[in-house]
Amino acid sequence: MRYLKDQEKAQKELEKAAADKILIDQSRKQQIKLKKEQQEADRALSKLYADQLNKVIREKQKLEQEKELVKRQQNIEIRAAQYQQCQENSTRREKEKRSVLEQEHKVQESIKKEEDIFKQFISREIEKFKAEGKRTALLEKTLNII
């Protein structure tokens, strides 16, 4: 009987050990499965983080490109305005030069007319002096100088 009890006890211990071994194996498999799931979750999270980071970087680059394009457009507009001002200034200076030349030409014509009138006057005076028998040398010198 004792032998039977010992055998039953040994059988129970073996069954308990087998059950414990099965539980330990199941626990290990569960831990391995959880570890794999955690690693996959970490990889998915890392991928998501990398994707988000790439998205943010692309958006920043896009903003920088847009800023650069705006800056270039402003520079083009400034250059166009400067070119236009340059053209306007050049045109204005040309008009001023023409105006000054026209005024000088008018002054020269006015002086020429006055000289012609003065020459006519001196010529009449010379004829008048000759008719009266007066000397005309000084008047003739004046006429030749002009």
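K130 is an exposed residue, at 52% relative accessibility. Here buried stands for under 20% relative accessible area, exposed for over 50%, and partly exposed for anything in between (1.4 Å probe, protein chains only). Please keep in mind that this is a predicted model, in which local features need pLDDT of at least 70 and side-chain atom pairs count only at pLDDT 80 or more, while totals for chains, interfaces and linings use all residues. Residues are numbered from 1 along each chain as its sequence is written, and side-chain values use heavy atoms, with hydrogens and water left out.

**Salt bridges**

What does K130 do with its side chain? K130 forms a salt bridge with E140, a term that asks for a side-chain nitrogen of Lys or Arg within 4 Å of a carboxyl oxygen of Asp or Glu. Because K130 lies in helix α1 and E140 in helix α2 (residues 137–145), the pair ties together parts that are ten residues apart in sequence. Helices in this report are DSSP runs (H or I, at least four residues), numbered from the N terminus. E140 itself is partly exposed, at 31% relative accessibility.

By the salt-bridge rule, the count comes to four. Among them are these pairs:

| Pair | Closest N and O atoms |
|---|---|
| K130 and E140 | 3.7 Å |
| R72 and E68 | 3.7 Å |
| E132 and K134 | 3.1 Å |

R72 and E68 are four residues apart in helix α1, so about one helical turn separates them. E68 is partly exposed, with a relative accessible area of 38%. In the third pair of the table, E132 is partly exposed at 45%, and K134 is partly exposed too, at 44%.

**Around the loop**

K134 has another partner: its charged end sits over the ring of F129, 5.2 Å from the ring centre. For this, NZ of Lys or CZ of Arg must be within 6 Å of the ring centre and within 35 degrees of the ring normal.

F129 also turns up beside T136, a residue in the loop between α1 and α2. Is T136 buried or exposed? T136 is buried, with a relative accessible area of 10%. Leaving aside neighbours within four places in sequence, T136 is in contact (heavy atoms within 4.5 Å) with I126, F129 and K130.

**Helix α2 and helix α1**

T142 is placed in helix α2 and is partly exposed, at 28% relative accessibility. Which residues does T142 touch, leaving aside its neighbours within four places in sequence? The contacts of T142 are F118 and I122. I122 is 20 residues away from T142 along the chain, and the C-alpha atoms of the two are separated by 8.2 Å.

**A nonpolar patch**

Y49, L53 and I57 make a nonpolar surface patch of about 310 Å². Such a patch is made of residues with over 30% relative accessible area and no salt bridge, with nonpolar side chains (Val, Leu, Ile, Met, Phe, Trp, Tyr) joined within 5 Å. The areas come from the Shrake-Rupley method with a 1.4 Å probe, and for residues only the protein chains shown count as cover. I57 is found in helix α1, which covers residues 2–132, and I57 is partly exposed, with a relative accessible area of 38%.

Terms used
Patches are made of residues with over 30% relative accessible area and no salt bridge: like charges are joined within 9 Å, nonpolar side chains (Val, Leu, Ile, Met, Phe, Trp, Tyr) within 5 Å. Helices (H or I, at least four residues) and strands (E, at least two) are DSSP runs, numbered from the N terminus.
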